[in-house]
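Biologist: I am new to this structure. Please take a close look at the nonpolar core and its surroundings.

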Amino acid sequence: MTDVLDRIIRVREIRAAQALAELGRAQARVNAEAALLARVSTLRIGQYQGVAAAGAAKARARADVMLGKLAGDIADRLANNTAFAAEQAQSLARARAAVDAAIARRAEREELP
């Protein structure tokens with residue numbers, strides 16, 4: 001009986017380790033998206049300092065529009081990755097709880113005469 005419980009515990013420990021790894025990857029994606037969003041946001045200048053040619057101002061305005069769309073897409077990905085990281089954190093918590101429950105069951109059975 002303890003062999004079965006040991007296998008169950010081992011499987012649940014592996015699942016907890018996998019959930020932890022997935023959470024780490026999700027958090028890395030969140031960090032990367034946040035950094036990218038910050039970099040893209042700094043590229044959006046809006047207006048030139050001083051006098052600029054009308055053609056250059058129009059080109060800059062078009063570039064700012066594209067950067068704005070890019071920033072919006074990145075913000076959406078960041079929100080999705082943040083939600084995914086939260087789901088993975090919950091999954092990790094469930095996996096760890098399953099390991100703890102299996103260990104507690106084994107401890108109860110070992111205490112019985």
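Modeller: Two helices and zero strands are found in this protein. The model is predicted. Helix H1 covers 2–43, and helix H2 covers 54–111. Of the 113 residues, 21% are buried. About 7,900 Å² is exposed, and 58% of that area comes from carbon and sulfur atoms.

Now the core. The largest nonpolar core has twelve residues. They are Ala19, Leu23, Ala26, Val30, Leu37, Val40, Leu67, Ala71, Ile74, Leu78, Ala85 and Leu92. Helix H1 and helix H2 each supply at least two of these core residues. In soluble globular proteins, nonpolar side chains tend to be buried together.

Take Val40, a member of this core. Leaving out residues up to four places away in sequence, Val40 touches Leu67, Leu70, Ala71 and Ile74. Among these partners, Leu67, Ala71 and Ile74 belong to the core as well.

Next, Asn81. This residue sits in helix H2. Is Asn81 buried or exposed? Its relative accessible area is 14%. Buried means under 20%, so Asn81 counts as buried. Beyond its neighbours within four places in sequence, Asn81 contacts Arg29, Val30 and Glu33. Of these, Val30 is one of the core residues.

Last, the contacts across the whole protein. Take those with a separation of 6 or more: 83% of them join residues 24 or more positions apart.

Key: Residues are numbered from 1 along each chain as its sequence is written. This is a predicted model: local features need pLDDT of at least 70, side-chain atom pairs count only at pLDDT 80 or more; totals for chains, interfaces and linings use all residues. Side-chain values use heavy atoms; hydrogens and water are left out. A nonpolar core is a set of buried Ala, Val, Leu, Ile, Met, Phe, Trp, Tyr and Cys residues joined through side-chain atoms within 4.5 Å. Buried means under 20% relative accessible area, exposed over 50%, partly exposed in between (1.4 Å probe, protein chains only). Helices (H or I, at least four residues) and strands (E, at least two) are DSSP runs, numbered from the N terminus. Contact means heavy atoms within 4.5 Å. Accessible areas come from the Shrake-Rupley method with a 1.4 Å probe; for residues, only the protein chains shown count as cover.
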